[in-house]
Amino acid sequence: MEVEGSSKKMIATQAEMVEARVPLAYRDQCAHLLIPLNKCRQSEFYLPWKCEDERHTYEKCEYELVMERMLQMKKIRDQEAKLKHSKGQLGATIPLIPKTADA
């Protein structure tokens with residue numbers, strides 16, 4: 001399954017994520033790594049030093065997703081800035097702090 005705007009494919013299926021009881025907020029392109037991590041955590045009684053390899057792999061995947069989204073957002077902002085600059089609306093931005101009646 002392809003996810004729009006992402007270079008990573010969705011490996012875990014919805015059925016696998018439901019069976020593994022992965023919360024909705026964690027059902028992303030790294031869910032296939034979260035499932036074995038959670039199984040390891042449960043079997044090792046959540047001792048933090050037991051599942052280091054699985055945790056590191058999962059966290060690296062999440063980091064790569066965040067960095068990819070940041071890069072996409074930067075491209076979008078650059079395109080918008082280029083569009084504003086070409087229209088000559090560079091100085092016509094709305095101020096963040098409005099002027100008060102006293103000033």
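Here are some short exercises, each with a worked solution, on a predicted model of a protein structure.

## Exercise 1: Getting to know helix H3

Find how far helix H3 reaches and list its buried residues.

**Solution.**

Step 1. Start with the extent of the helix. H3 covers residues 52-87 and has 36 residues.

Step 2. Compare the span with the expected value. From its first C-alpha to its last, H3 reaches 52 Å, close to the 52 Å expected at 1.5 Å a residue.

Step 3. Look for the residues of H3 that are buried. They are Tyr58, Cys61, Glu62, Leu65 and Glu68.

Step 4. Ask what lies over them. The cover of these buried residues includes H2.

## Exercise 2: Tracing the disulfides

Work out which cysteines form disulfides and which parts of the chain each link ties together.

**Solution.**

Step 1. Count the links. The structure holds two disulfides.

Step 2. Take the link of Cys30 first. Cys30 is joined to Cys61, with an S to S distance of 2.0 Å. Cys30 lies in the loop between helix H1 (14-19) and helix H2 (31-43), while Cys61 lies in helix H3, so this pair ties together parts that are 31 residues apart in sequence.

Step 3. Move on to Cys40. Its disulfide partner is Cys51, and their sulfur atoms are 1.9 Å apart. This pair, too, links distant parts of the chain: Cys40 is in helix H2 and Cys51 is in the loop between H2 and H3, eleven residues apart.

Step 4. Check the handedness. The Cys30 and Cys61 link has -85 degrees about the S-S bond and is left-handed. For Cys40 and Cys51 the torsion is about -95 degrees, so that disulfide is left-handed.

Step 5. Check burial, which requires under 20% relative accessible area. Cys30, at 0%, counts as buried, and Cys61 counts as buried at 6%. Cys40 and Cys51 are buried as well.

Step 6. Write down the pattern. With the bonded cysteines numbered in sequence order, the pairing is 1-4, 2-3.

## Exercise 3: Following the salt bridges

Locate salt bridges in the structure and say where their partners sit in the chain.

**Solution.**

Step 1. Begin with the total. A search of the whole structure finds four salt bridges.

Step 2. Look at Glu64. Its side chain meets that of Lys8 in a salt bridge at 2.8 Å, N to O. This pair links distant parts of the chain, with Glu64 in helix H3 and Lys8 in the segment before H1, 56 residues apart. Glu64 is partly exposed, with a relative accessible area of 33%.

Step 3. Turn to Glu59 and Arg55. Their closest N and O atoms are 3.4 Å apart in a salt bridge. Both residues lie in helix H3, four residues apart, about one turn of the helix. Glu59 is partly exposed at 41% relative accessible area, and Arg55 is partly exposed at 32%.

Step 4. Add Lys74 and Asp78. This salt bridge has its closest N and O atoms 3.2 Å apart. Lys74 and Asp78 are four residues apart in helix H3, so about one helical turn separates them. Asp78 counts as partly exposed at 39% relative accessibility.

Step 5. See which bridges share partners. Lys8, Lys60 and Glu64 are joined into one network in this way.

## Exercise 4: A buried charge

Is Glu62 buried or exposed, and which side chain of opposite charge is nearest to it?

**Solution.**

Step 1. Place the residue. Glu62 is in helix H3.

Step 2. Check its surroundings. Glu62 is buried yet has no salt bridge. The nearest side chain of opposite charge, that of Arg69, is 5.4 Å away.

Step 3. Apply the cut-off. A salt bridge needs the nitrogen and oxygen atoms to be within 4 Å.

Step 4. List the contacts. Leaving aside neighbours within four places in sequence, Glu62 touches Asp28 and Cys30.

## Exercise 5: Inside the nonpolar core

Which residues touch the most other members of the largest nonpolar core?

**Solution.**

Step 1. Identify the residues. This core has 15 residues, and Met17 and Tyr58 touch the most other members.

Step 2. See which helices contribute. H2 and H3 each supply at least two residues of the core, and the largest share, six residues, comes from H2.

Step 3. Follow Tyr58 outward. Beyond its neighbours within four places in sequence, Tyr58 is in contact with Tyr26, Cys30, Leu33, Leu34 and Leu37.

Note on methods: Residues are numbered from 1 along each chain as its sequence is written. This is a predicted model: local features need pLDDT of at least 70, side-chain atom pairs count only at pLDDT 80 or more; totals for chains, interfaces and linings use all residues. Side-chain values use heavy atoms; hydrogens and water are left out. Buried means under 20% relative accessible area, exposed over 50%, partly exposed in between (1.4 Å probe, protein chains only). Lys and Arg count as positive and Asp and Glu as negative; His and the chain ends are not counted. Contact means heavy atoms within 4.5 Å. A disulfide is a pair of cysteine sulfur atoms within 2.5 Å. A nonpolar core is a set of buried Ala, Val, Leu, Ile, Met, Phe, Trp, Tyr and Cys residues joined through side-chain atoms within 4.5 Å. The expected span of a helix is 1.5 Å times one less than its number of residues.
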